[in-house]
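Here's a quick tour of a protein model, with an eye on where the empty space is. Have the viewer open and follow along.

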Amino acid sequence: MSHRPNRLYLSSDALVANWRALARLSGAAACGAAVKADGYGLGARAVVSRLLDAGCRDLFVATWAEAAAIADLIDGRDATIAVLHGLREADLPLPDLPGVRPVLSTAAQIARWRLIAPGQPCDVMVDTGMNRLGIGEAEVAGGLLDGLAIDTLMSHLACADEPAHALNETQRARFAALAGRTDAKRMSLANSAGIALGDGYHFDLTRPGLALYGGVPVAALAGSICPVATIAAEVLQCRTVRAGETVGYNATWQAERDLPVAIVNLGYADGYRRALSSRGCAFAGDAPLPVIGRVSMDLLALDASAAAVCEGDWVRFDDDLVHVAAASGVSQYELLTGLGHRFERVWS
């Protein structure tokens, strides 16, 4: 272990188990993995190496810089990396990254690809109702993709985490109507939540992200997904706060009785959100240690009345992303991707 006073404990077994569970739920479709945003904050290289060993062969990043950071890991692995943000003018000249291809989403990107890489495989994003990235269905009908060597035609669901939302079926039907209208080898629509919508959304390839890393975007996945990341931090000081005294900035918390308090080396600069002030929870063994007062930049305080905690001890924080998101009002996606670089990342 290093000298760093906070750690992120990461479970290889849980990551792989989550991918395998999502692959089973994907049925006959291949199951890829979104590893953008540095593997959702956990460390892309460590994530990718473990998923490749587990059998994953389709990886998705946002930018060419993210692709370059992991491209060597797919060498000789019969795996590919898709760059979801496509091919901007600023991305030229392209780095020599075998197995990496753009997901083209505009007519200009498609023209650019035809010019610099004629006949080379690419992916294409079609907008079916999210109104984010993607060419229109009318552009497909107009022949924009004719002759393009498309590996995967994809779209993205806007409301998959709301299973009853009418837009889900609208998007699925619009996407299904594109089958056979291009030369694409595969079609892909479903993210983590989309997988749970059922076989009709799986097509040829699914693209889970959040659920790989322990997030549960829909209740239907709750029994299949395990936490992957657990925050731990060192106690810097133990003190007794007397009845009537306050703790932290702006004196937002006041002791009703004499109380043992542990001051911990963790704060919002590490990614432990200020929104968890007086709402978060740590644990010493099984004993809960509620966060009291404001979370500050580098420190927070815990009510240590449930356990004997000493200076130099380590405590772990709630790793149930659904619970933490509900307590903080911060999405599970933001909780993961906001984990800072000050953590020592420790893979089991």
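## The second largest pocket

Let's start with the runner-up: the second largest pocket holds about 290 Å³ of space. It has 24 lining residues, and those closest to the centre are I231, D318, D319, L321 and V324. Three elements give two or more residues each to this lining, namely β11 (229-241), α9 (321-328) and α10.

As for chemistry, the lining of the second largest pocket splits into 16 nonpolar, four polar and four charged residues. Keep in mind that this is a predicted model, and that the totals for linings use all residues.

## The largest pocket

Now for the main one. About 680 Å³ of space lies in the largest pocket, and 31 residues line it. Nearest its centre you'll find K36, Y40, R132, H156 and N191.

Which elements each supply at least two residues of this lining? They are α2 (36-40), α8 (192-195) and α10 (332-337). Helix α2 has the largest share, with three residues. Helix α10 is worth a second look, as it gives two or more residues to the lining of the second largest pocket and at least two to that of the largest pocket. By type, the lining of the largest pocket comes out as 19 nonpolar, seven polar and five charged residues.

## A serine in α9

Next stop is S328, which sits in helix α9, one of the elements lining the second largest pocket. Is S328 buried or exposed? Its relative accessibility is 7%, so S328 counts as buried, the cut-off being under 20%.

Where does the side chain of S328 reach? It comes to 2.8 Å from the backbone oxygen of V324, and V324 is itself among the residues closest to the centre of the second largest pocket. Setting aside neighbours within four places in sequence, S328 is in contact with A275, L276 and L335. Of these, L335 falls within α10 (332-337).

## The chain as a whole

Zooming out, the chain has ten helices and 19 strands. Its C-alpha atoms fill a box of roughly 75 × 40 × 35 Å along the principal axes.

Of the 348 residues, 51% count as buried. The chain exposes about 15,200 Å², and carbon and sulfur atoms supply 50% of that area. Among contacts with a separation of 6 or more, 64% are between residues 24 or more positions apart.

Conventions. Residues numbered from 1 in each chain as written. Predicted model: local features only at pLDDT ≥ 70, side-chain atom pairs only at ≥ 80, totals over all residues. Heavy atoms only, no water. 1 Å grid on protein atoms, 1.4 Å probe; cavity = no way out; pocket = protein on both sides within 12 Å on 5 of 7 lines; lining within 4 Å. Points joined across faces, edges and corners; volume = space filled by probe spheres on them. Helix = DSSP H or I, 4+ residues; strand = E, 2+ residues; numbered from the N terminus. Nonpolar A, V, L, I, M, F, W, Y, C, P; charged D, E, K, R; others polar. Buried < 20%, exposed > 50% of the residue type's maximum accessible area, 1.4 Å probe, protein only. Contact = heavy atoms within 4.5 Å. Areas by Shrake-Rupley, 256 points an atom, 1.4 Å probe, with all protein chains shown as cover. Polar contact = N/O pair within 3.5 Å; in protein donor to acceptor, adjacent residues only side chain to side chain.
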